[in-house]
Amino acid sequence: MNHFGKGMLIAALVGVVGMAFRVSWNALRDVATATGADPTAATLYPFVVDGLMALALVATLVLTDDARRFALRVLAAYTLASLVLNYVHGLVPQLHDEVVDWGRLADWDPANWALVLLATSLPVGSIYFGSDLVAKVLHHRPIEKPATTPNQDESAETYVNRSTAGLGVSAPAPVAPPPVPAALPAAPVVSLVKSTDRVPVGAVAAESTRPRRATGRVPASARSSRPARTAEQLLTEARTATADWSDRELTAEGIRRAVRTSPAKARVLRDTLRVEREQAAGTSEVAA
C-alpha cells in the first residue's frame, strides 16, 4: 500500500473513532453525573474512559510480546466497561432527563453497588494503566532483524559458486594439492632375517607405497624450514646414528627418534639396516 492509501486508512480510522466517541459522550457524562460528579468532572469523564481506550490501541500497535498482550487486556477491559455503562444509560430513562437520585444506577442494590464501583474505579484505573502503557512504549526497543548469512551447512566452495554465478563471473579454479613425496623403497626380502618385532614385508610395502590423503595447501608459517631428505640421505643418517647400536637396540622407534622421520620410514630403515648387518656378518664368516 502506498503512502496515500495508508493516509486514507488512518484518516478513516480517526473519523470512526471520533464519531464513536461522540455517540458515547452523553452516556458516560450522564453516568458520571449520577454518581455525584460536578459538571466539569462529568464533561471530562468520557475522556477518562474512551481516551484510555485510544491510548491502549496505540500501545498495542507499538508493543510486542507480553507488553502487547497487556495493552490488549487493558483495551478489552475498558471497552467492556464503556459498553456496560452505555447499556445502563439506555436502560435507565431517568439518566436522560438528568433527574436521578445520586448514587443510583439500578433499582436492585447489588447491581447498583457493582455499577457505582465500576463507574468510580475507571478514573483511578486510567491513571495506573495509562502510566504503565506510556512507560512501556517509551522503554520499548524494536527488535532488529539479523543480517542474512549463508547456510552454515553449505561449503565455502558452493557459496562462492552461487555468488559468482549470479554476477556472470566464473568461479576460480580449485587449488591443486601439493605433490606427494616419493616413498622409500621397500627393504629386500631375506629369509635369514629373524626378529621378534619385524612386521610382514607386504605390510611394510603397503604402508610405504600408500598415497597420502591431500589435506590442502599448508600455510607458509607452518612449513618446516628443514629441506626434504631423499631415501639415500635418510639411510645414510640412520647408518651413522646406529653404527654403535646392538641388534636389540636397532628398533623402529629408536631410529625414528634418531633421524626424526615417520614411523613407516623408520620401519623400512630398520629392516634395511638389519639386512645389511646380516649380510656383513655372513661375509665376515666366509672370509674367516
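**Close-up 1. H140 in the loop between α4 and α5 of the predicted model.** The view centres on H140. This residue sits in the loop that joins α4 to α5 (156–167). Which residues does H140 contact, once neighbours within four places in sequence are left aside? They are V62, L63 and T64. A67 is also worth finding in this view. A67 and H140 are 73 residues apart along the chain. Their C-alpha atoms are separated by 9.1 Å.

**Close-up 2. The crossing of α2 and α4.** Helix α4 spans residues 109–138. Its axis and that of α2 come within 9 Å. The two axes cross at roughly 25°. An angle under 35 degrees counts as roughly parallel, so α2 is roughly parallel to α4. The crossing is left-handed. From α2, the contact is made by Y45, V48, V49, L52, L55, A56, A59 and V62. From α4, the partners are A119, L122, P123, G125, S126, F129, G130, L133, V134 and V137. What classes of residue make up this contact of α2 with α4? The residues divide into 15 nonpolar and three polar, with no charged. V62 of α2 belongs to this contact, and V62 also touches H140 of the first view.

**Close-up 3. The second largest pocket.** This pocket has a volume of about 340 Å³. Its lining counts 15 residues. Closest to the pocket centre are V17, D50, M53, A54 and L57. Which elements give two or more residues to the lining? They are α1 (3–34), α2 (39–62) and α3 (65–91). Helix α2 supplies the largest share, with seven residues. By class, the lining has eleven nonpolar residues, three polar and one charged.

**Close-up 4. The crossing of α8 and α9.** Helix α8 covers residues 252–259, and helix α9 covers residues 263–287. Their axes come within 8 Å. How do the two axes cross? They do so at roughly 110°. Angles of 65 to 115 degrees count as roughly perpendicular, so α8 is roughly perpendicular to α9. The crossing is right-handed. On the α8 side, A252, I255, R256 and V259 make the contact. On the α9 side, P263, A266, R267, L269, R270 and L273 do so. Seven of the contact residues are nonpolar and three are charged, with no polar ones.

**Close-up 5. The crossing of α7 and α9.** Helix α7 runs over residues 231–241. The axes of α7 and α9 come within 10 Å and cross at roughly 60°. This crossing is right-handed. Helix α7 brings L234, L235, A238 and R239 to the contact. Helix α9 brings K265, L269, T272, L273 and E276. By class, the contact residues are five nonpolar, one polar and three charged. L269 and L273 of α9 take part here, and L269 and L273 also take part in the contact with α8.

Key: Residues numbered from 1 in each chain as written. Predicted model: local features only at pLDDT ≥ 70, side-chain atom pairs only at ≥ 80, totals over all residues. Heavy atoms only, no water. Axes fitted to C-alpha atoms, helices over the stretch in contact; angles between N-to-C directions. Helix = DSSP H or I, 4+ residues; strand = E, 2+ residues; numbered from the N terminus. Parallel < 35°, antiparallel > 145°, perpendicular 65-115°, else oblique. Left-handed = near helix turned anticlockwise from the far one by under 90°. Contact = heavy atoms within 4.5 Å. Nonpolar A, V, L, I, M, F, W, Y, C, P; charged D, E, K, R; others polar. 1 Å grid on protein atoms, 1.4 Å probe; cavity = no way out; pocket = protein on both sides within 12 Å on 5 of 7 lines; lining within 4 Å. Points joined across faces, edges and corners; volume = space filled by probe spheres on them.
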